Amino acid sequence: MSEQRSTERDRAVPDAPPPVGIDELLERVRAGYDRIGPPEAAAAAATGALLVDIRYAALRDRDGLIPGALVVERNELEWRLDPRGSHRAAEAVGHDLRIVVICNEGYASSLAVASLRQLGLHRATDLIGGFQAWRAAGLPVTSA
């Protein structure tokens, strides 16, 4: 019965796009840019890309930090990285900035990149496998 009400509610919104599942949404979002692996992310950082860690504090405390990464929790990301924003981070110097977004496993970061690209940050990408892949690749991690 509740499934029927949900379907009726979905149809009740005029001109709304049809519902999409998260797996399909991720596939669509990721098709719009090239994601990178841990070695490529480390190389990008070495040549000036901004690594942005969007994991929440408990994960950072538990697993550590990537040296040099800017920590911006997901709920503040757009505010802090919009070069035109009144609450931007000092590192948000322009729309051409190469940004690599890092979450815990590489899912939330993909959705975050879609949002950053809507702000005009056309070089934003994310780390395949997230922080866990970075650490598994033996790349530097420090204690939180």
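Two strands are taken to pair if DSSP finds at least two bridges between them. The exercises below apply this and other criteria to a predicted model.

**Exercise 1. Determine how S3 and S4 are related, and how S1 and S3 are related.**

Solution.
Step 1. Strands S3 and S4 are joined by three bridges. Pairing requires at least two bridges, so S3 and S4 count as a pair. The two strands run parallel, and Ile99 stands opposite Ala124 in S4.
Step 2. Strand S1 (residues 50–53) and strand S3 (residues 99–102) are joined by four bridges and also run parallel. Within this pairing, Leu51 has Val100 in S3 as its bridge partner.
Step 3. As general background, strands of a sheet pair through backbone hydrogen bonds, either parallel or antiparallel.

**Exercise 2. State the order of the strands in the sheet and explain which strands stand at its edges.**

Solution.
Step 1. The sheet is open and has four strands in the order S2-S1-S3-S4, with parallel pairing.
Step 2. Strand S2 (70–71) and strand S4 (124–126) each have a single partner strand, so one side of each lacks a neighbour in the sheet; these two stand at the edges.
Step 3. Helix H6 (residues 108–118) packs on the sheet and touches S3 and S4. The direction of H6 makes about 175° with that of S4.
Step 4. Strand S3 is covered on both faces: Ile99 and Val101 are buried on one side, and Val100 and Ile102 are buried on the other.

**Exercise 3. Place the sheet within the chain as a whole.**

Solution.
Step 1. The chain contains seven helices and four strands.
Step 2. Along the sequence these elements follow the pattern α-α-α-β-α-β-α-β-α-β-α.
Step 3. Of the 144 residues in the chain, 38% are buried. The C-alpha trace spans about 50 × 35 × 25 Å along its principal axes.
Step 4. Among contacts with a separation of 6 or more, 66% are between residues 24 or more positions apart.

**Exercise 4. Describe the surroundings of three salt bridges: Arg28 with Glu24, Arg55 with Asp53, and Glu73 with Arg60.**

Solution.
Step 1. The structure holds seven salt bridges. In general, side chains of opposite charge can pair when their charged atoms come close.
Step 2. The side chains of Arg28 and Glu24 meet at 2.5 Å, N to O. Both residues lie in helix H2, four residues apart, about one turn of the helix. Glu24 is partly exposed, its relative accessible area being 38%.
Step 3. In the salt bridge of Arg55 with Asp53, the closest N and O atoms are 2.7 Å apart. A residue is buried if its relative accessible area is under 20%. Arg55, at 2%, is therefore buried, and Asp53, at 0%, is likewise buried.
Step 4. For Glu73 and Arg60 the closest N and O atoms are 3.5 Å apart. This pair links distant parts of the chain, 13 residues apart: Glu73 is in the loop between S2 and helix H5 (77–81), and Arg60 is in helix H4 (residues 57–63). Glu73 is partly exposed at 28% relative accessibility, whereas Arg60 is buried at 13%.
Step 5. Salt bridges with shared partners also join Arg62, Asp63 and Arg135 into one network.

**Exercise 5. Identify the residues of the nonpolar surface patch and locate Val20.**

Solution.
Step 1. Val20, Ile22, Leu25 and Leu111 make a nonpolar surface patch of about 280 Å².
Step 2. Val20 lies in the loop between helix H1 (2–12) and helix H2 (22–30).
Step 3. With a relative accessible area of 33%, Val20 is partly exposed.

Terms used
Residues numbered from 1 in each chain as written. Predicted model: local features only at pLDDT ≥ 70, side-chain atom pairs only at ≥ 80, totals over all residues. Heavy atoms only, no water. Patch = residues over 30% accessible without salt bridge, like charges linked within 9 Å, V, L, I, M, F, W, Y side chains within 5 Å. Areas by Shrake-Rupley, 256 points an atom, 1.4 Å probe, with all protein chains shown as cover. Salt bridge = Lys/Arg side-chain N within 4 Å of Asp/Glu carboxyl O. Buried < 20%, exposed > 50% of the residue type's maximum accessible area, 1.4 Å probe, protein only. Contact = heavy atoms within 4.5 Å. Axes fitted to C-alpha atoms, helices over the stretch in contact; angles between N-to-C directions.
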